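Visitor: Could you take me on a close look at one part of this model, the aromatic rings? I would like to see how they sit with respect to one another.

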Amino acid sequence: VKMDIQKRLEELSAVLADKTGVFYILISQLDPDAVGSAIGLQFLIQQLNPGLHTKIFYCGNVGHPQNMCLLNRYNMLGTVLRHVDDHEFPPCSEGVYYSLVDSSTVTDNRLGKLKGAFMPCVVIDHHRSELEQTDDMFLWIEELGSASTLLVELVRHYKESGKQELQIPERLAAALAIGIYTDTKALVTGSMRDREAYGFISQFVPVDQLNALIEYPLPASHYDNFLCALS
């Protein structure tokens, strides 16, 4: 696995190497795994090619209270993540690049105005896909418990093989850890690689902060609806 991760990291670095300009990371459906994957990819790009200006945009609504808890706790909404409706996206060209994480379907209806409007140069997903590899694309589709697992493996390998100490921010670690945790049903449905990735990345998050994301507060409407159901 380590040899494969090394190869993946080299391939990603090669795709990013000669690029300058703006790099859009798109989330077709907001959930912890997608958020963790997007922030993980952004972090790697900042290490591999600091000349690229990365921006993360999401489609749909924040919706679930766990999403809101994660975004609020680390002040990400409107700063790290922005909604696609709040931006005009230029077409793919030299200096304008797109990517997908936790999704690989360019014609996904959830993309809204971006449906079919771009061809990604980086795709990292854990769902089955019919997307075909091109010469200038980093495509990693592997059916693991979460896409965040793949990003943790890349970040971990980069950190452990680097010549200088790489600091992993708490926000990055928390998003990746909760992404793995939720998509693997509290690690119950996860593979050994999912569990190893969670074990590695969760050490960079204080236990109380991680517990707050797992035992997130429910909105008042939940209890109103629960009362209605019981009645």
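Guide: Happily; what follows is a walk through the aromatic pairs, with one phenylalanine as our main stop. Please keep in mind that this is a predicted model.

The structure holds eight aromatic pairs. Let us begin with phenylalanine 57 and phenylalanine 89: their ring centres lie 4.9 Å apart and their planes meet at 75 degrees, and since an angle over 60 degrees counts as edge-to-face, so does this pair. In the chain, the two partners are 32 residues apart, and the pair links distant parts of it. Phenylalanine 57 belongs to strand E2 (residues 52–58), whereas phenylalanine 89 sits in the loop between strand E3 (81–83) and strand E4 (96–101).

How exposed or buried are these two? Phenylalanine 57 has a relative accessible area of 3% and is buried. For phenylalanine 89 the relative accessibility is 16%, and this residue counts as buried because the cut-off is under 20%.

Stay with phenylalanine 89 a moment, for this residue also forms an aromatic pair with tyrosine 98. Here the centre-to-centre distance is 6.4 Å and the planes are 45 degrees apart, a geometry described as tilted. Tyrosine 98 is buried, as is phenylalanine 89.

Now step back and take in the whole group: Phe57, Phe89 and Tyr98 belong to one aromatic cluster together with Tyr24 and Phe118. If you colour these five rings in your viewer, you can follow the edge-to-face pair of phenylalanine 57 and phenylalanine 89 and then the tilted pair of phenylalanine 89 and tyrosine 98.

Methods:
Residues numbered from 1 in each chain as written. Predicted model: local features only at pLDDT ≥ 70, side-chain atom pairs only at ≥ 80, totals over all residues. Heavy atoms only, no water. Phe/Tyr/Trp six-rings, centres within 6.5 Å; stacked < 30°, edge-to-face > 60°. Helix = DSSP H or I, 4+ residues; strand = E, 2+ residues; numbered from the N terminus. Buried < 20%, exposed > 50% of the residue type's maximum accessible area, 1.4 Å probe, protein only.
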